[in-house]
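Biologist: I'd like to learn how to read a protein model, one feature at a time. Could you walk me through this one?

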Number of protein chains: 2
Amino acid sequence: MKHDIIENEILKDKLIINESIFSIGNGYLGVRGNFEEGYVEDCPTIRGTYINALHDIVDITYAEKAFGFPDTMQKILNIIDSQGLIIELEDGEIVSPVTGNITEYKRRLDMKNGYVTRSFIYHNKKNQALKITYKRMVSFKQLELFCIQVDIEPISYFGEVIVKSTLDGDVYNYTDKSDPRVASGHAKLLNIVSTSIEDYLAVLVKTSHSELFCSCVSTLISTLDNNNYKVAKLTNSRQVEEVHKFKLIEKTSFTKYTIYTDSLRHKKPLEDSIELLTKVKAHSFDYWIKEQTKYLAKFWESTYIDVKGEKDIQEGLQFNIYQLLQSVGKDKYSNIAAKGLTGEGYEGHYFWDTEVFIFPVFVLTNPEIAKNLLMYRYNTLEHAKEIAITTGHKSGALYPWRTINGTECSGYFPAGTAQYHISGDIAYAFISYYLTTKDIQFMYDYGAEVLFETARLWMDLGHKEGNSFYLDGVTGPDEYTAIVNNNYYTNAIAKYNLYWANKIYIELIKTYGEDRTTQLLAKLDITVLEIQKFKKISDIMYLPYDKGLDINPQDDSFLNKKVWDFEGTKKEQYPLLMNFHPLTIYRHQVLKQADTILAHLMLEDYAKESTIKNCYDYYERLTTHDSSLSYCVSSMVACKLGYEKEAYKYFMETARLDLDNTHNNTKDGLHMANMGGSFMGIVYGFAGLRIKEEGISFNPILSDEWQGYQFNIKYINRVIDIDVSTKHIQISIEGEPLKLKIYDQEYFIEKELTVNLRKNGINTVRGDN
Amino acid sequence: MKHDIIENEILKDKLIINESIFSIGNGYLGVRGNFEEGYVEDCPTIRGTYINALHDIVDITYAEKAFGFPDTMQKILNIIDSQGLIIELEDGEIVSPVTGNITEYKRRLDMKNGYVTRSFIYHNKKNQALKITYKRMVSFKQLELFCIQVDIEPISYFGEVIVKSTLDGDVYNYTDKSDPRVASGHAKLLNIVSTSIEDYLAVLVKTSHSELFCSCVSTLISTLDNNNYKVAKLTNSRQVEEVHKFKLIEKTSFTKYTIYTDSLRHKKPLEDSIELLTKVKAHSFDYWIKEQTKYLAKFWESTYIDVKGEKDIQEGLQFNIYQLLQSVGKDKYSNIAAKGLTGEGYEGHYFWDTEVFIFPVFVLTNPEIAKNLLMYRYNTLEHAKEIAITTGHKSGALYPWRTINGTECSGYFPAGTAQYHISGDIAYAFISYYLTTKDIQFMYDYGAEVLFETARLWMDLGHKEGNSFYLDGVTGPDEYTAIVNNNYYTNAIAKYNLYWANKIYIELIKTYGEDRTTQLLAKLDITVLEIQKFKKISDIMYLPYDKGLDINPQDDSFLNKKVWDFEGTKKEQYPLLMNFHPLTIYRHQVLKQADTILAHLMLEDYAKESTIKNCYDYYERLTTHDSSLSYCVSSMVACKLGYEKEAYKYFMETARLDLDNTHNNTKDGLHMANMGGSFMGIVYGFAGLRIKEEGISFNPILSDEWQGYQFNIKYINRVIDIDVSTKHIQISIEGEPLKLKIYDQEYFIEKELTVNLRKNGINTVRGDN
C-alpha cells in the first residue's frame, strides 16, 4: 500500500464533497466524513450515518397513478448522529478549524490501516496554541463499532478544556427538490423511543412506518485519572451528551466508543448494543486499529492492483476498491447501494450497478462477498416473482429496478421497472460466479432457481413470429431511450439467460445425476420440457442487426430517429436529463450511457468483430456519458478494439471520478458502480480478461502513457497474477496448473508464463488512432 | 321537443349517478343534481357546484421528477354550496324522501324549458301528508343566477313548517386515490374570507394559491305575507342560514335566488353579486323560466336532430346535446371540460375532446359558440408556445394535453404532453370553422396565427430523411400505446395542418391582397418562404403504410407487437388501464380507442378506400373501446364503409352512455366528448356529412332498425335540413342555392332535392354483415 487520501486545507465549498470522500464504513455501518465539532458556521453539509438496508417505508405520490405502480418505497435512514465530539476552551471558545485560526491542517484517509485522522494546531483568541488530532474508524472486525479518538496536546494553551460528546436522535434525511437523483421529500423518518444517560449515553429510535428500531449507545473514556476532572451527563428532547471538564497539562486523549444495532439483525437492539459496548470498550483504540490493519492486509493481498508509476491512477484505483469494500453488504439483508454507505443519493437503493459493475470486482477477488451479493438476490426472489405478476406476466421473476428489501421502489417506470434487463444482469452474475468458481453446489442450492425464474420471464415477455423471438416494450440500460421493442442489450442478455437456464440443468445432471436433479426440478416446479424450451427460444432470440451499417441497432426504432444536435448543445446543458424534457431526449439518437457497446462487452460472441467495431464507432459519437456507468464500458470495449488512446481517455475518467468530483454530485455520495468500473477497466479492459464456458483468456494491451500494470485474481481455486510491462505479459499461478488463452493462442501454465505484449491486442484494425 | 328525463323512484345506489344526470348549468355555472335537503342518511354523494374555469393552483408531486415536468396544475373548484333548502315539520322531523315515507316521487329534467322539478308526497310520522315540489334552474339569460323554488302544499298536514336556506362555504373537492381518472388529493382549496347575514346571506371565499375569489349571495322569498311567519338568520364558521317558520295552511312557495360571481369575470365579486341579486329578485321564478324557455326555443331550432320513432335514441341525443349546451363555456376564460360542469372527473380540465368531438356539433349548429371555443385556444397561444420551448422546440405551439388556463396540467407525459396531435386537432378545428363559415376575417385576425404556430411545431419536431418527413417520439390518440415514431394519426393531422398553414396564406392574399397580408405576416414574424416550406413538408409527410396488409400501421412499431390475448381477458378486467400495468398494455397490439380509424374519419382523402376498410377490419378487433371517445368514431367509419349493423351497434353505445351509466363512472360527471360523438354519429356517420375545401357532401345510410332521421345544420350562411327516410333523402335549403354532392354525384339545389336512399351508401363492399 502506497497511498493515502490527503486533504491539506479546508475549502468551505469542498467540505460537503469531502464528506463523501472521507466516508468510513464496513458494509454494515457507514459514517460520512463530517467534522466532529461541525462547521460551526453555516457551510453546506450532509451530516449522515447509515446502516445498510435499515430503512423506512414512505408513500410514493404520483401526479397521475396507473395500475401496478408501487404505493410505497423504502428509503435509507440517516440514523442517530454520534459524530459529535466538541472541544471547548476557556471563555466558551469552541475549537473549530473552519472558523478559527489554525495551522498545519491535515486530514488523511489511511487505506492500509482503515481509519481517518484529522489534525491541526489551533490558536485561540489569546493566540495560545494546542494541537488537536481526531482519529475515527468503523471496525471491520466488530461491524457495530464506530470509534473516535481525540488527542489534545498543549503547545501554549494550558487552560481549562471541556470535551462534549453527543448522541443526537433528532435526525433528518437530506432532500433536494430540484435534483431527480436525490430524494425530494420525507426528511423526518425516525422518532425517539427512549434516551438514557446512565452508565452510557443511549438513544433508541424507531422508524415511522417500517417498524424498525435502531439503538446507539456510546461512552467516552479519557486518559486522565478520575480525580483530575469532572463529568456531567445531560439530556434534552433531541440529544444526550456527556461533558468532561479538565485542565490541560499534557497530551490528553479521549476515546468515544459507539455501538449501533438495529432490529433487522439484532433481536434486542438496545440490550444488545449495551452488551456490545461493554465488550468493545475493554479494548483500546489501538487494539481496534490493529484488528483493522489485519483485516485489510488480507483484503489488499487478495485485491491487488497496480498501474505502475502512475500515482494518480493508483491512488484512484485503491480509493475506489477501498470504498467498495467499505460499502458492500456482508449479510443477507444487504447489498451495495448506488452510493454505498457514503451518502443519500438514490435513497440507499440497490440497482443493477451491483451485478454489472461491482460484482465483477468481488467475484475475482473476494468470492465470499460476491456470493453474499447473489444470496441477497436469491433471498428476494419471491418479491421479483410478485413484480412479474403485477407487471402482467403469468410467471417468471422481474427484479426491481431500485429497491432495498426486494420490492420495486421505482416511481417512474419508463426508466425503472421497464428496465427488464436487470433480471438478465442478475442471471449473468450467477453464471459468472459459477464460471469463476465452479461452485456447482451453490447453483444446485440457489443459482438454478434464479436462472429458471428469470428465464421464465423472457418466455412470458416475448413472442414468436416466424422463426424469431421478440421482446417488446422494455427499456435498455441507456435511459435516454425508453420503452422500445427489441433493445439489443436486453435481447442478448435474455438469450444468454435462456441458454444457461438450460445449460445449468445439464451441468447439474453431470454432477448430481438424474435423481437428485429431478428432485430439484420437482421442488422448483419446473419440467425438463420447459427447460429444453429455454434453449430453443435462446437459439431463435432476435438480435437486431442492420446489414447496411453492419451494426446492431440499439432497438427497432433507434436508427430512424433524428441524431441529437451535439454542436448546438452547450457544455452547461449536460447532463441532458437535467436540461431537456424526456420527450426531447427520447426522440433523438443520443445515449446517456453505452448500451449496445455494453452488450458487446458482456456477450461479445453474439456479434462479429466488425459489427462490434462499427457499433463502437457509431454509438460513441452519440453517447454523452451523462451516466457514471458509461465511461468504463467504453474504455473496456475500446481496449478490445485496440483503440488504445480512447481506452486510456475513458479509463482516466473513471479512475478519479469522485476524487476529482467530475460529475459534480460527489456530495451526495460516491459512485460505486464507476468505482467497480475502474477496476474492471484494467482487468477486463486493458488486460482483456474473459471467463467463459470454454475457459479463461486474456488479450492485454498497454497504454502508451504507462510503464505497465499488475493485478491478481482468483479463478477456480487458484490465484493468478498478471503482470504486464511495456514488452511482456507475465502470468504466475498459485494452485493447479491452468489452460488459458492469450491473444487467441492457447497455453498450459504450470507456474509461470511470459508472452510478448502486442501493442493493440488481437486487433490491429485501426492501428494508432 | 318530446322528451324529458324522468326518475320515478329513489334508488340509493343510483343517487350519485343521477346527480350527474340531473345536473343543471349554463356554461358558466353548473350545479349537480343533489337534493336540497341532502340524503339525511349516509348515501354516496358528490355534492358540487362549479364555475367554469374558476380554479385553484396545486402542486404536482412526482415520484421521480424530470426536467420540464410542470410543477403545478389548475384544478376546478367545488364552490360554495347554495343547494341547501331544508323543510322541517313539527317535532324536528326533516322532510327527506330518502329516509322518510313518500309516495308519488318524480324527478324530471325538462329540456324544453330548462329546469328540473322534483316532487313527492311526504307522510310524516303521524301519517299526515303534504306535497313538496322543488324546481331548480341555472339561467341562460343571467349566467350568475341559480334559482330554486319549493312549493309546500298541505294534504293532511297543517302544522308548523320550518324552511331553512343555507350557504355553506366549508366545501371540499372530491377525491379518490384508487382511480386515476379522479383527483387523488388537494380536497380543501377554498378559504372563507367573509360571511354576512344582513339583507341577504353572503359568503366570500378565496382560493389558496390562485388568488381568485368567489362570491355567493342568496335570499329566500316566500308567498306568505310578512305577518304570517318569522325569519331568523344565523351564521357559524362554516355556513350562513336563514330560517323561516310558519304554519302551513295552504300551498306556500319559497324562491331562493342565488348569485355566483368570481374574480375572473367580475371586478368586485362581492359587490357585483349583491347588485345582481337585487336585480334578479325583482323578477319572479316564472319570469326566469320564461326567459329560459325563450333561449332554449332558439337553441332547439338551430340544433334540431331526430331519429324517427326511436324514443330511447331521441331521448339520448337530446339529453346529450342539452348537456353540452349546459356545460360549454360562453366567454373568453372558458372552454368545455371533459365532464363539463357536471362533476369533478379529470379535475375540470379541457382536452382535445373539445376540438374533435364537441366543436363539430357547435360549428354546424351554433357557430358563435364554436368561435368562442376557438378564441379560448387563441387566447392561450402564448402558453402553448412556452410549452413547445419547455419540451425542447425552438419554435411552434404545443397545446397542453389538459389545462384550464392554458398551461400544461398533465403529470404523466407519456399519455399527456406526448400527445402532440392536440396541436393538430386545434388547427383542424380552425380550418373546419373556416370551411363551414368562410369567415375569412376570423382567420385573418386569429386563425392564421394559430395555423402558423402549430405548423412550426411540426417543422421543428420532425426530420427529413431521403424524401420523407418523419415525426418521432409522440403518443397518438390511442393511449394504450405511448411514445412512438410516426403515429399515423399524428402524421396525417400534421400534414393537413401544414397544408392549411400555406393554403390560408393563399386565401388571405385572395381576400386582402398582398399588402394587408404582408402586414399580417410581419406582425406574426413569419416569412413567405417559411409558409411555402410548410407546403413542401406537408407534401412529403411520411404516412406509415403496410403494403402486405394494405393498412396504415398505427405507428412504426405497432405491427411488430404481440396481439393482446382477448380470449384470456375476463370481462371484469376491462377497462384494461384499471387492471394492467401500462407496460403490459404498451407492448401489445391493443387499442383503448380508435386511432388510425379516427384519422380516416377526419382525413379520409389521405388513404385509399381499400386501406380504410382494411384498417377498420384490422383495428376494430384490437379495440377495447375503454375510452368513451371510441365508439362514436368506429360507428362513423362503419357508416362510411357501409357496415350498417356495426355502425348501429356502436352508435347505440354512444347515444345513452351516461343515461345508462355504461362506463360505470357517470357519477364523476357526464362524458361530454361522447355526447358530441352521438350527434356526430348521425350527422357525420349515418348521413355521411363532409365539409372539405371542395365543398359539402353527404353519403347517407339508414339503419334497418330505424324509420329515418332528420337534422339541420348551418353552412355558409344557409340552413340545410336533411331528412332521411327508408326510401329517400330530402334536402331543403334556407338561404342561397347550393352545390353539393350526394353519393359522389353533384347536385345544385335551389330549395329542395329528393334523392333515392342507397342501402349501404357509396360502398357495397361487404353488403349485409
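Modeller: Sure! Keep in mind that this is a predicted model. Let's start in the middle: of the residues of chain A, Tyr62(A) comes closest to the rotation axis, with its C-alpha at 2.5 Å.

Biologist: Back up a little. What rotation superposes chain A on chain B?

Modeller: The general idea goes like this: two copies of a chain are related by a rotation about an axis and a shift along it. Here, chain A lands on chain B after a rotation of 180° with 0.1 Å of shift along the axis, and the RMSD is 0.0 Å. That is the relation of a two-fold axis.

Biologist: And through which surface do the copies meet?

Modeller: Through the same surface, because 100% of the interface residues of chain A are also interface residues in chain B. In the count of contacts, 48 residues of chain A touch 48 residues of chain B.

Biologist: How much area is buried between chain A and chain B?

Modeller: About 4,000 Å², and carbon and sulfur atoms give 57% of that. If you want names to click on, try Glu64(A), Phe67(A) and Arg587(A): they supply 17% of the area that chain A buries against chain B, more than any other three residues.

Biologist: Okay, now charges and polar pairs. How many salt bridges are there between chain A and chain B?

Modeller: Two salt bridges run between the chains. One pairs Glu64(B) with Arg402(A), where the closest N and O atoms are 3.3 Å apart. There are also 20 residue pairs in polar contact between chain A and chain B.

Biologist: Which elements give two or more residues to the side of chain A that touches chain B?

Modeller: Look for helix H9 (440-461) and helix H12 (582-586) of chain A. H12(A) gives the most, with four residues. Sorted by class, that side of chain A has 21 nonpolar, 18 polar and nine charged residues.

Biologist: How many salt bridges are there over all chains?

Modeller: A search of the whole structure turns up 96. For a case within one chain, take Lys385(A) and Glu453(A), whose side chains meet at 3.9 Å, N to O. This pair links distant parts of the chain: Lys385(A) sits in helix H7 (residues 381-390) and Glu453(A) in helix H9, 68 residues apart.

Biologist: Next, helices. How do I read two of them packed together?

Modeller: Two packed helices are described by the angle between their axes and the distance between the axes. In chain B, try helix H5 (residues 353-365) and helix H6 (residues 367-379): they pack at about 145°, with axes 6 Å apart. Among the residues that meet there are Phe359(B), Phe362(B) and Val363(B) from H5(B), and Ile369(B), Leu373(B) and Leu374(B) from H6(B). By class, the contact has eight nonpolar, two polar and two charged residues.

Biologist: What about the backbone? Where is there a cis peptide bond?

Modeller: Go to Tyr574(A) and Pro575(A), which are joined by one, with omega about -10°. Pro575(A) lies in the loop between strand S22 (562-563) and H12 of chain A. In chain B, a cis peptide bond joins Tyr574(B) and Pro575(B), again with omega about -10°.

Biologist: One more: what is phi of Val40(B)?

Modeller: It's near 65°, a positive value in a residue other than glycine. You'll find Val40(B) in the loop between strand S3 (29-31) and strand S4 (49-51) of chain B.

Note on methods: Residues are numbered from 1 along each chain as its sequence is written. Chains are lettered from A and ligands numbered from 1 in the order in which they are written. This is a predicted model: local features need pLDDT of at least 70, side-chain atom pairs count only at pLDDT 80 or more; totals for chains, interfaces and linings use all residues. Side-chain values use heavy atoms; hydrogens and water are left out. Copies are superposed by least squares on the C-alpha atoms of residues with pLDDT of at least 70 in both. Contact means heavy atoms within 4.5 Å. Axes are lines fitted to C-alpha atoms, for helices over the stretch in contact, and angles run from 0 to 180 degrees between N-to-C directions. Ala, Val, Leu, Ile, Met, Phe, Trp, Tyr, Cys and Pro count as nonpolar, Asp, Glu, Lys and Arg as charged, and the others, Gly among them, as polar. Buried area is the accessible area (1.4 Å probe) that two parts lose on being put together, summed over both. A salt bridge is a side-chain nitrogen of Lys or Arg within 4 Å of a carboxyl oxygen of Asp or Glu. A polar contact is a pair of N or O atoms within 3.5 Å; within protein, one must be able to donate a hydrogen and the other to accept it, and residues adjacent in sequence count only if both atoms are side-chain atoms.
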